[in-house]
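Biologist: I'm new to this one, so could you walk me through it and tell me what backs up each label?
Modeller: Sure, let's put it on screen and start with the strands.

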Amino acid sequence: MTRTEYRWLLPSALADDELPGDRGRARRTVRDWAVDLTAFLCAAGIGVLALAAIEADPTTSDSVVFADSLIGAAACCALWLRRRWPVGVAAALTAVSLIEPAAAGATLVGLFSLAVHRPFRPVAVVGAAALAITPLQPMLRPDPQTSFVVSVVIGALLILLVLSWGMAVRSRRQLVVSLRERARRAETEAALRAEQAQRLAREAIAREMHDVLAHRLTLLSVHAGALEFRPDAPPAEVGRAAGVIRDSAHEALQDLREIIGVLRAPGEGDEGNRPQPTLVTLDALIEESRAAGMEVVLDNGVTEPARAPAATGRTVYRIAQEALTNARKHAPGAPVSVTVTGGPGDGLTIEVGNPAPGTAFEPVPGSGQGLIGLTERATLAGGSLDHGPRPDGGFTVRARLPWPA
């Protein structure tokens, strides 16, 4: 059952999402109407008892009793305005009770409502005034059956009781509102954290998709372009290019399936079926590029590549893959050198470079986002990446990654 379903059971201060009493007029709930009616009847009952005591006094004239009845009824009716103007109603009833015993019940209800709906300062001012005039009412309208001291003590105790009770009710309502606001803030922060996690996951998936698919699709583009511009190539060369296109398309589909598996619920994807690339699989990447017609020279100075951390080895593989892809797109036919050095405690360094292309070529479309992704990947791995043109017109990519001892 939601809060809107049992809202009628709550006071208006808690049915809304605001601090009780610190705003303008609020619409009464069913509970508020019941409480107001009960307060009105209690005040009227106390007023009737006071009128009975006044009427029992033979020294009181009928006109005074009639006037007391009218004033007491007006004081009880004023209680229906106590939610809108609690300070004014409490102050007016306190002043009326100075000379009108029949308004005592309405005054107590007004002071209680003031303590519930307003902060401490106005409560203290009106409460102090009520306590100050407590001895004056028995002096002006003494009760023949009660002594002066008893009347003053009972009046002061009743005022202190209703004020303390009202402030306790207000404190509890403020606590409920504070807890509700804290829960709402926690829900908002949780939603923001979830949104941020989704955004980071999307960025990671996009980066991985670029790194994985760009290499395959570039092979497809290069070999498809070769077949287009050389339709008279020897059958063996055409067959080899077609085989590379077929294998690259198959690998691209497998990689795409692996990445999409990350978006599925746990246990539904196939992301665990294919091993992740490491430093050991770097040789296979170089051989794949050579099979595609690139001239690649690998200088791997790492004696035990299997000991490299998985994250570091995967980062080295992706950097080499993206650098080879860029060289194939922007410098076709140029030789590419790949150098990997380092070891435990010294870190890993990978450098991929190529000279300027010797012949004119039609560039393959590309946005240059790969190098940005490589820089982010190297930074996340705890290393750094530099890239830029060389004096001879070529290009070099160099990354330094940690390898703990």
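Modeller: Keep in mind that this is a predicted model. A handy place to begin is asparagine 300, whose bridge partner in E2 is valine 340.

Biologist: What makes E1 and E2 a pair?
Modeller: Two strands count as paired if there are at least two bridges between them. Strand E1 (residues 296-300) and strand E2 (residues 336-343) have five bridges, in the parallel sense, so they pair.

Biologist: Which helix does the chain pass through from E1 to E2, and is the crossover left-handed or right-handed?
Modeller: The path goes through helix H11 (residues 310-330), and this β-α-β crossover is left-handed.

Biologist: How do you know that E2 pairs with E3?
Modeller: Again the cut-off is at least two bridges. Seven bridges join E2 to strand E3 (residues 347-354), so they pair, and here the strands run antiparallel. One of the contacts links glycine 342 to its bridge partner in E3, leucine 348.

Biologist: What lies between E2 and E3?
Modeller: Three residues, which makes a hairpin of the two strands. In the turn, glycine 345 has a positive phi of about 85°.

Biologist: Why is valine 153 called partly exposed?
Modeller: Buried means under 20% relative accessible area and exposed means over 50%. Valine 153 has 42%, which falls in between, so partly exposed is the right label. That valine sits in helix H8.

Biologist: Which surface patch includes Val153?
Modeller: A nonpolar one with about 780 Å² of accessible area together, whose members include Val153, Ile99 and Phe148. Helix H7 (136-140) and helix H8 (148-229) each give two or more residues, and H8 gives the most, with four.

Conventions. Residues numbered from 1 in each chain as written. Predicted model: local features only at pLDDT ≥ 70, side-chain atom pairs only at ≥ 80, totals over all residues. Heavy atoms only, no water. Patch = residues over 30% accessible without salt bridge, like charges linked within 9 Å, V, L, I, M, F, W, Y side chains within 5 Å. Areas by Shrake-Rupley, 256 points an atom, 1.4 Å probe, with all protein chains shown as cover. Salt bridge = Lys/Arg side-chain N within 4 Å of Asp/Glu carboxyl O. Buried < 20%, exposed > 50% of the residue type's maximum accessible area, 1.4 Å probe, protein only. Right-handed = clockwise from strand over helix to strand, strands pointing away.
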